[in-house]
Amino acid sequence: MPHERQIGTTGVVVSPELYLAFGVSGAVQHTSGLGDPDHIVSVNVDGHCPMMQLADLGVVADANEVLDELLSLLSGQ
């Protein structure tokens, strides 16, 4: 990804209304780029990773499997 699309110490700071973290562990280099999101949803196999601690909603699951299921539901298949 180009520099302007990277979040954290090597990129930019973001403050979205909704931040979806699929498979993001929440290392300090990344979370330093989170300004003040209104809501954070985290999907990760590690229920104790730092991103889960920041999340308003944490889902302990494989991020790729969840994304595949969401795409299937959204496409009506």
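Me: If a residue is called buried when its relative accessible area is under 20%, what makes N44 count as buried or exposed in this predicted model?

Reply: The relative accessible area of N44 is 8%, and the limit for a buried residue is under 20%, so N44 is buried. Its place is in strand 2, which covers residues 39–44. Beyond its neighbours within four places in sequence, N44 is in contact with G23, V24, S25, C49, M52, V59, V60 and A61.

Me: How do you know that the side chain of N44 makes a polar contact with V24?

Reply: The side chain of N44 reaches the backbone oxygen of V24 at 3.3 Å, and a polar contact asks for a pair of N or O atoms within 3.5 Å, so this distance falls inside the limit. On the side of strand 3, the bridge partner of N44 is V60.

Me: Which elements make up the protein, and in what order do they run from the N terminus?

Reply: The secondary structure consists of three helices and three strands, and from the N terminus on these elements follow the order β-α-β-α-β-α. The C-alpha atoms fill a box of roughly 40 × 30 × 20 Å along the principal axes, and buried residues make up 25% of the 77 residues.

Me: How do you know that the strands of the sheet are paired with one another?

Reply: Two strands pair if there are at least two bridges between them; strand 1 and strand 2 are joined over five bridges in the parallel sense, and four bridges join strand 2 to strand 3, which also run parallel, so both pairs satisfy the rule. The result is an open sheet of three strands in the order 1-2-3.

Me: Why do strand 1 and strand 3 stand at the edges of this sheet?

Reply: Strand 1 (18–22) and strand 3 (57–60) each have a single partner strand, so one side of each is left without a neighbour in the sheet. Neighbouring strands of this sheet are turned by 10° against each other on average, direction ignored.

Me: Which residues stand opposite one another across these strands?

Reply: Between strand 1 and strand 2, the bridge partner of Y19 is I40 and that of F22 is V43, whereas S42 stands opposite G58 in strand 3. Strand 2 is also mostly covered, with five of its six residues buried.

Me: Why is F22 called partly exposed?

Reply: The relative accessible area of F22 is 26%, and a residue is partly exposed when its value lies between the 20% limit for buried and the 50% limit for exposed, so F22 is given that middle label. F22 lies in strand 1, where the side chains alternate: Y19 and A21 point to one face and are buried, while L18, L20 and F22 point to the other and are not. Leaving aside neighbours within four places in sequence, F22 is in contact with V43, A63, V66, L67 and L70.

Me: What makes the length of helix 3 agree with the expected span?

Reply: At 1.5 Å a residue, the 13 residues of helix 3 should span 18 Å, and because the end C-alpha atoms are 18 Å apart, the two values agree. Helix 3 (residues 63–75) lies across strand 1 and strand 2, running at about 120° to strand 1. At the start of helix 3, a side-chain oxygen of D62 reaches to within 3.1 Å of the backbone nitrogen of N64, while just after the helix G76 takes a positive phi of about 80°.

Me: Why does H30 count as buried or exposed?

Reply: The relative accessibility of H30 is 19%, and buried means under 20%, so H30 counts as buried. H30 belongs to helix 1, which covers residues 28–31, and beyond its neighbours within four places in sequence it is in contact with I7, G8, Y19, V24 and M51. Of these, Y19 is also one of the buried residues of strand 1.

Terms used:
Residues are numbered from 1 along each chain as its sequence is written. This is a predicted model: local features need pLDDT of at least 70, side-chain atom pairs count only at pLDDT 80 or more; totals for chains, interfaces and linings use all residues. Side-chain values use heavy atoms; hydrogens and water are left out. Helices (H or I, at least four residues) and strands (E, at least two) are DSSP runs, numbered from the N terminus. Buried means under 20% relative accessible area, exposed over 50%, partly exposed in between (1.4 Å probe, protein chains only). Contact means heavy atoms within 4.5 Å. A polar contact is a pair of N or O atoms within 3.5 Å; within protein, one must be able to donate a hydrogen and the other to accept it, and residues adjacent in sequence count only if both atoms are side-chain atoms. Axes are lines fitted to C-alpha atoms, for helices over the stretch in contact, and angles run from 0 to 180 degrees between N-to-C directions. The expected span of a helix is 1.5 Å times one less than its number of residues.
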